[in-house]
Amino acid sequence: MKDGAGFDELIHPATRLSIVALLAAADWADFAFIRDELGLSDSALSKQLSTLAEAGYVTVERPLSDRRRRVRTRLTPLGRKRFVAHVAALRGILEATEAAPV
Amino acid sequence: MSNSLSDAEARLALHEVERGRERVIDQIGMPAWYWWGLAACWVGLGVLNDVANAWAIAIATVAFGAVHSAVSQRLLAGRQRTGDVRVRADVVGRRAPLIVFGFLILLAGVTVAAGFAAYADGAEHPATIASLFVAALILLGGPRVMAAIRDHARRAESR
């Protein structure tokens, strides 16, 4: 799924990019928080998180200590690494365009 | 696919990346109950200083310090305003805990200064007056300190 020069096709689709970008700035985030911030349905978010989890980019936990039924998600070190590389690839595209002769 | 991605698409994707970070930065802060609780305890200690004996004041001060230390550690200097998300330390900034701690030290200093000023003016309950003044500063200034930390995080993002 990973393209050359850090561009990551798994992360790039708009919804998954929004999810990963949000998780990249947090240690963890609650499922409901991501759903509400991005205006997604439960099923849509579950589907995207499953895809990211299958690739090893995120983990989905259910803390036992919490009395409320929470689902906590976080980016894995691999997910973070791929996200950083993906952002660098996007910046690279812009820089290449700006550097190109008109 | 990256080769076929246009300049506009890359820009749009980077905008979404920034928006994701901003959504989390918006969550930096302390819960409202923290500031109200701190202000109430401050007034309580001020009143005790005027009416109670030295032992009661010492015990209350130590108890306040212990409880505040436990609570403020859990709140992690604005990283967990709610139970919904915990902001990464590098996003909040390394100086955020120092800024919050500095604010509390400043409040303690203002309390002492205001207490002496009220005492010099002949007030009957100088510590109570000083603590009420500082409680107002806590309620007005606390959220502003957190807003400044959020602004700092946004500026760091744009650099």
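## Two helices from different chains

In this predicted model, helix H1 of chain A, covering residues 14–24, and helix H1 of chain B, covering residues 7–25, have axes that come within 7 Å and cross at roughly 40°. That angle makes H1(A) oblique to H1(B), and the crossing in which H1(A) passes H1(B) is right-handed.

On the chain A side of this contact, H1(A) contributes Ala14(A), Leu17(A), Ser18(A), Ala21(A), Leu22(A) and Ala24(A), and these meet residues of H1(B) that include Ala13(B), Glu16(B), Val17(B), Gly20(B) and Arg21(B). The residues of the contact divide into eight nonpolar, two polar and three charged.

## A sheet with strands from both chains

Four strands form an open sheet, and their order is E2(A)-E3(A)-E1(A)-E1(B), with antiparallel pairing. Strand E2 of chain A (58–61) and strand E1 of chain B (85–87) stand at the edges, where each has a single partner strand, so one side of each is left without a neighbour in the sheet. From one strand to the next, the twist averages 20°.

The pairing of E2(A) with strand E3 of chain A, residues 72–75, is antiparallel and runs over four bridges; Thr59(A), for its part, has Arg74(A) in E3(A) as its bridge partner.

## Helices packed on the sheet

Helix H1(A) packs on the sheet, where it touches strands E1 (26–30), E2 and E3 of chain A, and its direction makes about 85° with that of E3(A). Helix H3 of chain A, residues 42–54, lies across E2 and E3 of chain A and runs at about 120° to E2(A).

Technical notes
Residues are numbered from 1 along each chain as its sequence is written. Chains are lettered from A and ligands numbered from 1 in the order in which they are written. This is a predicted model: local features need pLDDT of at least 70, side-chain atom pairs count only at pLDDT 80 or more; totals for chains, interfaces and linings use all residues. Axes are lines fitted to C-alpha atoms, for helices over the stretch in contact, and angles run from 0 to 180 degrees between N-to-C directions. Helices (H or I, at least four residues) and strands (E, at least two) are DSSP runs, numbered from the N terminus. Angles under 35 degrees count as roughly parallel, over 145 as roughly antiparallel, 65 to 115 as roughly perpendicular and the rest as oblique. A crossing is left-handed if the near helix is turned anticlockwise from the far one by less than a right angle, and right-handed if clockwise. Two residues are in contact if their C-beta atoms, placed from the backbone, lie within 7 Å. Ala, Val, Leu, Ile, Met, Phe, Trp, Tyr, Cys and Pro count as nonpolar, Asp, Glu, Lys and Arg as charged, and the others, Gly among them, as polar. Two strands pair if DSSP finds at least two bridges between them.
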